[in-house]
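Me: I would like to learn how to read the features of a protein model. Could you take me through one?

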Amino acid sequence: MAVFQLERTVPLPPDDAWRRLTRWSRHGDVVPLTRVTVLTPPPTREGTVFVARSGLGPLSFDDPMEVTVWQPPAAGAAGHCRLEKRGRVVLGRARIEVRPRPDGRTHVLWHEELSVRFLPAFLDPLLAATARTVFGRAADRLLRTP
């Protein structure tokens, strides 16, 4: 399993950082060759399901995910959510956390564990490095865009 973690400190209140990171359909705007479809009605909560479809034409695959923990930030407390990846190709889990800092900024933590079927385990470090780069750029773009 490939494991990676991203940390960012942003000049946003926690609820704004949370909203920017957890509007799932926006992820398709910032991840190359990916479209995201939310399958359950809003608002997001435990049980929300969405699918990221990545690739080109016949070389595409679906990455279905379900929100299994949903605790938005409130009253100065941290917020976090957990996603379970349940696809035929991509499996794993992700945790996104936003935590207020004393200086008025927000600390963001994105921790992901993923595996790709048919990909040998010796390639996990390469997968982790690639995913860290792709998701890091995506998180940066999501956090910059209102």
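**Strands, helices and rings**

Reply: Start with one pair of residues: Val51 stands opposite Pro64 in strand 4. Keep in mind that this is a predicted model.

Me: How many bridges pair strand 3 and strand 4, and in which sense?

Reply: A pairing is read from its bridges and its sense. Strand 3 and strand 4 pair over six bridges, in the antiparallel sense. Their hairpin has six residues between the strands, and Gly55 takes a positive phi near 115° there.

Me: Which strand is joined to strand 3 by five bridges?

Reply: That is strand 2 (residues 34–38), which runs antiparallel to strand 3 (residues 49–54). As for single residues, Val36 has Ala52 of strand 3 opposite.

Me: What is the order of the strands in the sheet?

Reply: The order tells you which strands are neighbours. Here seven strands make an open sheet in the order 1-7-6-5-4-3-2, with antiparallel pairing. Strand 1 and strand 2 are the edge strands, each pairing on one side only. From one strand to the next, the twist averages 20°.

Me: How many bridges pair strand 1 with strand 7?

Reply: Nine bridges pair strand 1 with strand 7 (residues 106–116), again in the antiparallel sense. One residue to look up is Arg8, whose bridge partner in strand 7 is Val108.

Me: Which strands does helix 1 touch where it packs on the sheet?

Reply: For a helix on a sheet, read the contacts and then the angle. Helix 1 touches strand 1, strand 4, strand 5 (79–86), strand 6 (90–100) and strand 7. The direction of helix 1 makes about 160° with that of strand 6. Helix 3 also packs on the sheet, where it touches strand 1 and strand 7. The direction of helix 3 makes about 25° with that of strand 1.

Me: Next, the aromatic rings. How many aromatic pairs does the structure hold?

Reply: It holds four. One of them is formed by Phe4 and Phe135, with 5.6 Å centre to centre and 25° between the planes. Planes under 30 degrees apart count as stacked, and this pair is stacked.

Me: Why does the pair of Phe4 and Phe135 tie together parts that are 131 residues apart in sequence?

Reply: Look at where each ring sits. Phe4 lies in strand 1 (residues 2–10) and Phe135 in helix 3 (residues 124–144), so the pair links parts 131 residues apart in sequence. Both Phe4 and Phe135 are buried.

Me: What kind of pair do Trp18 and Trp70 form?

Reply: Theirs is a tilted pair, at 4.8 Å centre to centre and with 55° between the planes. Trp18 belongs to helix 1 (residues 14–22) and Trp70 to strand 4 (residues 61–71), so this pair ties together parts that are 52 residues apart in sequence.

Me: Are Trp18 and Trp70 buried or exposed?

Reply: Buried means under 20% relative accessible area. Trp18 counts as buried because its relative accessibility is 6%. Trp70 is buried too, with a relative accessible area of 18%.

Me: Which residues have the most contacts inside the largest nonpolar core?

Reply: They are Leu21, Trp24 and Trp110, in a core of 33 residues. Helix 3 gives the most to this core, with eight residues. Trp110 is also linked by ring pairs with Phe4 and Phe135 into a cluster. Leaving aside residues up to four places away in sequence, Trp24 touches ten residues' worth of neighbours, among them Val36, Phe50, Trp70 and Ile96.

Technical notes
Residues numbered from 1 in each chain as written. Predicted model: local features only at pLDDT ≥ 70, side-chain atom pairs only at ≥ 80, totals over all residues. Heavy atoms only, no water. Phe/Tyr/Trp six-rings, centres within 6.5 Å; stacked < 30°, edge-to-face > 60°. Helix = DSSP H or I, 4+ residues; strand = E, 2+ residues; numbered from the N terminus. Buried < 20%, exposed > 50% of the residue type's maximum accessible area, 1.4 Å probe, protein only. Pairing = 2+ DSSP bridges. Axes fitted to C-alpha atoms, helices over the stretch in contact; angles between N-to-C directions. Contact = heavy atoms within 4.5 Å. Core = buried A, V, L, I, M, F, W, Y, C linked by side-chain atoms within 4.5 Å.
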